[in-house]
Amino acid sequence: MLKLTVDEQRWHNHLAAFVASCPGIVPVTKGNGYGFGHALTVQESQRLGVDVIAVGVAQEVASVREHGWDKDVVVLNPWRPGDEVATELLSDPKVVTTISRVEDVAAVRDLAPSAPILVEVETSMHRHGVGADEVAALDLDGLNVRGWTVHRPSRATLNEGREMARIVMRHPLASRGIWFSHLSCDDYITLSKELDVPVRMRVGTRLWLGDADAYRVTGTVLDVHWLPKATPVGYHRIKTRRDGYIVVVSGGTAHGVALSAPMSADSVRRWLVRGAEAVANMVGRVRSPFTIAGRHPIFAEPPHMHSSLVFCGGPGEPVQVGDEVPVNVRMTTATFDEICLK
Ligand SMILES: *Cc1c(COP(=O)(O)O)cnc(C)c1O
């Protein structure tokens, strides 16, 4: 069982302090809710008193609704004509749809002109968005424009924020406001004061994962076997290189374990797809993300779906059955069997 334990008070204090220092932010709760799940991110968003949250795709709206979110939801992935769920949501007055192409503006005008929309402007990231040179002449007549949105992949500077704002200002509806991401709180507040239009900022990682001491991930030791050197172990019958312990600990590929630090995801992926020979070559070289007796032991073989075999040298039993051991996982790709609040 892979467990996420959240120090609820500490986490809540961090979230509240973040929102207080960066007023008007829009919590992003896409995907697995940054590891916490939509139940918790919705509950916290309600406690924080925010008026709107953001999800990644239209299909995630139902999930935050099920968990009790009844205010506005922004769908970050831009609307496309083939997405039936997204199209259905155009008639929900509390779902804000992102529109990123000129032809989609026209399509939404035909389908549901009263749908609340944000118009995305292309940035240097070149992912989605109406081109900067198309903004001024964009025909948004008859549409329920809530504002404009720009997304930068990582830390954006104040000047980049200003530059994006200048582009939006070319349009008569710039006054509806601009939604940013990845500005520092200081730059966000500076921009909010500088621009005479409403400014908002979406935040996911810095909000939910900003206090790394507010949560921890652990696996449970399921078995510990002392084995002499050259004992074949695991599915691949690979021989141990010295005397020591095989520790079977919960947490495997189904949980997203080993898809991130401390070894490169790529080396593990290569390891997982190749045959027994490749496995044998990698044994002893791939450190696991588990911490046992203060160290990251090596994997004895590639992780299984729900557990992993790691090798700990002797002497002395490194852990006991039932012990909980820390695991380093990437929160946005992890799946937990249990989330415990304490
Ligand atoms: C994911 C996402 C964010 C939040 O990004 P973090 O780095 O997790 O804060 C903001 N805006 C958009 C458009 C996104 O897709």
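How many nonpolar, polar and charged residues does the shell around the ligand have? By class, there are four nonpolar, five polar and three charged residues. The model is a predicted one.

**The shell**

Several stretches of the chain supply residues around the ligand. Val-28, Lys-30 and Tyr-34 are among them, as are Leu-76, Arg-127 and His-151. Ser-181 and His-182 also belong to the group. The list ends with Arg-202, Val-203, Gly-204 and Thr-205.

**Polar contacts**

Lys-30, His-182 and Gly-204 each place an atom by an oxygen atom of the ligand. Lys-30 and His-182 use polar side-chain atoms. Gly-204 uses a backbone N or O atom instead.

| Residue | Protein atom | Distance to a ligand oxygen |
|---|---|---|
| Lys-30 | polar side-chain atom | 2.8 Å |
| His-182 | polar side-chain atom | 2.6 Å |
| Gly-204 | backbone N or O atom | 2.8 Å |

On its own, the ligand has 380 Å² of accessible area, and the protein covers 86% of it. Where does the ligand sit? The space that the ligand takes is the largest pocket.

**The annotated domain**

An unreviewed UniProt entry carries the annotation "domain: Alanine racemase N-terminal" for residues 15-154. Over residues 15-154, helix makes up 31% of the chain and strand 19%. The end C-alpha atoms of this stretch are 21 Å apart.

Key. Residues numbered from 1 in each chain as written. Predicted model: local features only at pLDDT ≥ 70, side-chain atom pairs only at ≥ 80, totals over all residues. Heavy atoms only, no water. Near = heavy atom within 4 Å. Polar contact = N/O pair within 3.5 Å; in protein donor to acceptor, adjacent residues only side chain to side chain. Areas by Shrake-Rupley, 256 points an atom, 1.4 Å probe, with all protein chains shown as cover. 1 Å grid on protein atoms, 1.4 Å probe; cavity = no way out; pocket = protein on both sides within 12 Å on 5 of 7 lines; lining within 4 Å. Sits in = over half its atoms within 2 Å of the grid points. Nonpolar A, V, L, I, M, F, W, Y, C, P; charged D, E, K, R; others polar. UniProt positions renumbered as here; feature names shortened; annotations may be inferred. Helix = DSSP H or I, 4+ residues; strand = E, 2+ residues; numbered from the N terminus.
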